Amino acid sequence: MSTRRRSWAEPFKIKVVEPLALTTRAQREKAIENAHYNTFLLRSEEVYIDLLTDSGTSAMSDYQWAGMMLGDEAYAGSKNFYNLENNIRKYYGYPYTVPTHQGRGAEHLLAKIMIRPGDFIPGNMYFTTTRAHQELAGGTFRDVIIDEAHDPANLHPFKGNIDIGKLEALVKEVGADHIPYINVQACVNMAGGQPISLSNLKEVRKVCDSHGIKIILDATRAMENAWFIKMGEPGHKDRSCAAILKDMCDLTDGCTMSGKKDLLVNIGGFLALRDKHLYELACQQVVLYEGLHTYGGMAGRDMEAMSRGIEEAIQDDHLRARIGQVHYLGNKLIQEGIPIVQPIGGHAVYLDAKRFLPHIQQSDFPAQALTVALFLESGVRAMERGIVSAGRDPATGDHRYPNLELVRLTIPRRVYTQAHMDVVSESVAACYEEREWVGGLKMTYEPETLRFFQAHFEPIGTWASAKNRQENAALAGSSEGMQLD
Ligand SMILES: *Cc1c(COP(=O)(O)O)cnc(C)c1O
């Protein structure tokens with residue numbers, strides 16, 4: 001048998017296309033200024049390749065679109081809800097499902113029913129909306145991820161793992177009575193999309209059982225995590241991702257889910273639980289904040305699309321191509337000598353802004369500045385995951401200074417081609433070559449919570465040689481400057 005390498009090529013072909021806008025450098029300068037140097041405030045039409053997020057940006061299949069026509073829009077008891085509930089039972093194994101409009105809706109309900117003021121919620125690194133809801137409910141988040149996760153160059157294959165020692169120390173410090181649950185995230189977003197291993201999850205279960213602490217899985221990217229377990233954890237190579245996902249869920253008491261990630265839909269999420277009493281409490285809350293417990297803020301057609309998305313997203317062939325594309329981009333950047341977080345994660349490639357722009361101090365928002373530079377260079381939109389995202393410490397009011405100062409190039413599922421990934425890689429390399437040009441930013445407007453979404457910035461001084469660059473204005477994505485080889 002030939003040992004020749006086989007590609008990760010997509011297990012689908014393209015049926016519908018959406019044209020992209022090509023812009024000039026001058027247009028992009030205007031656009032980013034109007035957006036107050038925050039890529040969240042750009043208009044989508046101003047963007048060429050949109051790597052802001054993989055959330056709700058996936059392409060649906062013909063099977064999902066067909067399901068949209070079968071929407072049962074009854075206020076109560078929609079058949080699409082029962083399809084969804086059945087598929088969650090079948091693939092995740094949780095008996096009780098409460099649909100929500102998206103992941104944070106589920107996080108909100110969970111915080112309401114499980115957290116009392118003064119509680120502590122350990123987790124494998126924070127996620128923005130997750131921590132915000134814990135804090136709104138009067139809880140305090142504690143990071144119990146392994147130290148390796150905070151080092152962007154450490155090659156540990158499961159950097160999402162929980163440090164059992166840190167977890168035990170927290171139990172000792174505050175008492176198990178004040179820890180309602182541990183939030184275990186699959187493919188830890190803020191760490192670079194880093195997976196947790198099944199053996200680590202088993203150890204966490206043991207510790208939690210001995211203290212009567214529940215485990216809630218943030219299952220947003222649990223299917224992608226299952227792929228990493230299959231490829232990297234001994235004993236799982238010949239198992240399906242579906243079987244591995246089930247194992248992960250079996251070790252937990254419930255999950256919050258943003259269907260906008262793994263599940264290939266544009267909107268939707270759910271809270272799923274094993275405990276009937278907790279489920280009843282969640283049903284009481286969902287009618288206040290989302291809608292009746294059989295739709296929870298979603299249209300019937302959207303529940304159908306998400307239910308069908310579960311069936312497609314768990315396929316090994318899908319996950320191979322999805323993660324294969326992310327790794328294709330990451331490996332290209334490594335070949336270019338660009339500093340990125342390694343190992344490459346499941347949903348995004350993270351540029352290490354501290355090493356990319358060492359001349360900008362962290363309080364001048366280097367990762368935010370890099371998103372601006374990349375957009376100016378090529379019309380590629382990325383997202384800051386550093387000091388802006390980390391927000392302020394509620395106790396001291398100071399910025400939190402995370403070790404990781406990153407720019408996330410997030411790959412939507414089934415949307416862009418290999419040629420798009422080539423353009424992205426070339427754009428990042430061009431920014432890297434001329435990185436001295438990029439300067440810092442100052443924040444001119446700061447919302448109180450989740451500030452990264454809506455904050456305003458201004459460049460500090462005139463970014464060096466900005467004028468030169470203007471004279472070089474080239475069309476992003478046009479044939480100008482493109483090599484046909
Ligand atoms: C996106 C995300 C959420 C929140 O989900 P939304 O659907 O955006 O509300 C929660 N946890 C993780 C890890 C996420 O990536």
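How much space lies in the largest pocket? About 1400 Å³ of space lies there. The structure shown is a predicted model, and the legends below take this pocket and several other sites in turn.

**Figure 1. The largest pocket and its lining.** The lining of the largest pocket consists of 38 residues. Val16, Ser58, Ala59, Arg414 and Val415 are the lining residues that lie nearest the centre of the pocket. Two helices, α2 (62–68) and α12 (316–335), each supply at least two residues of this lining. Sorted by class, the lining has 17 nonpolar, 10 polar and 11 charged residues. Where does the largest pocket lie with respect to domain 1 and domain 2? Residues of domain 1 (25–47 + 316–471) and of domain 2 (62–313) both belong to the lining, so the pocket lies between the two domains.

**Figure 2. A salt bridge between Asp54 and Arg221.** The structure holds 29 salt bridges. One of them joins Asp54 to Arg221, with the closest N and O atoms 2.8 Å apart. Asp54 sits in the loop between β1 (49–50) and α2, while Arg221 sits in the loop between β6 (214–218) and α8 (222–232), so this pair ties together parts of the chain that are 167 residues apart in sequence. Are Asp54 and Arg221 buried or exposed? Both residues are buried.

**Figure 3. A salt bridge between Arg400 and Glu135.** In this pair the closest N and O atoms are 3.3 Å apart. The salt bridge links distant parts of the chain, as Arg400 and Glu135 are 265 residues apart. Arg400 is in the loop between α15 (387–390) and β12 (406–410), and Glu135 is in helix α5 (residues 128–136). Glu135 has a relative accessible area of 30%, so it counts as partly exposed.

**Figure 4. A salt bridge within helix α7, and a network elsewhere.** Asp209 and Arg205 form a salt bridge whose closest N and O atoms are 3.1 Å apart. Both residues belong to helix α7 (residues 198–211), where they are 4 residues apart, or about one turn of the helix. Arg205 counts as buried because its relative accessible area is 13%, and the limit for buried is under 20%. Some salt bridges share partners, and in this way Asp54, Arg221, Glu224, Arg322 and Arg413 are joined into one network.

**Figure 5. Contacts of Thr410.** Thr410 is in strand β12. With a relative accessibility of 0%, Thr410 counts as buried. What does the side chain of Thr410 reach at 3.1 Å? It reaches the backbone oxygen of Leu52. The side chain of Thr410 also makes a polar contact of 2.9 Å with the side chain of Arg408.

**Figure 6. The largest cavity.** The structure has 4 cavities of 30 Å³ or more. The volume of the largest cavity is about 90 Å³. Its lining includes Glu10, Phe12, His318, Ala321 and Gln325. Arg322 and Arg413 also line the largest cavity, and both are members of the salt-bridge network described in Figure 4. Arg414 is another residue of the cavity lining, and Arg414 is also among the residues nearest the centre of the largest pocket. By class, the cavity lining divides into 4 nonpolar, 2 polar and 4 charged residues.

**Figure 7. The second largest cavity.** About 50 Å³ of space lies in the second largest cavity. Among the residues that line it are Pro122, Tyr126, Phe141, Asn183 and Asp218. Which elements each supply at least two residues of this lining? They are β3 (120–123), α5 and β5 (181–185). The lining has 5 nonpolar, 6 polar and 1 charged residues.

**Figure 8. Backbone details in three loops.** A cis peptide bond joins Gln342 and Pro343, with omega at about -5°. Pro343 is in the loop between α12 and β9 (348–352). Leu264 is not a glycine, yet its phi is positive, at about 65°. This residue lies in the loop between β7 (254–258) and β8 (269–273), and Leu264 is buried, with a relative accessible area of 0%. Arg414, also a residue other than glycine, has a positive phi near 65°. Arg414 lies in the loop between β12 and α16 (418–433). Is Arg414 buried or exposed? At 19% relative accessibility, Arg414 counts as buried, since buried means under 20%.

Conventions: Residues numbered from 1 in each chain as written. Predicted model: local features only at pLDDT ≥ 70, side-chain atom pairs only at ≥ 80, totals over all residues. Heavy atoms only, no water. 1 Å grid on protein atoms, 1.4 Å probe; cavity = no way out; pocket = protein on both sides within 12 Å on 5 of 7 lines; lining within 4 Å. Points joined across faces, edges and corners; volume = space filled by probe spheres on them. Nonpolar A, V, L, I, M, F, W, Y, C, P; charged D, E, K, R; others polar. Domains from an automatic or database assignment. Salt bridge = Lys/Arg side-chain N within 4 Å of Asp/Glu carboxyl O. Buried < 20%, exposed > 50% of the residue type's maximum accessible area, 1.4 Å probe, protein only. Polar contact = N/O pair within 3.5 Å; in protein donor to acceptor, adjacent residues only side chain to side chain.
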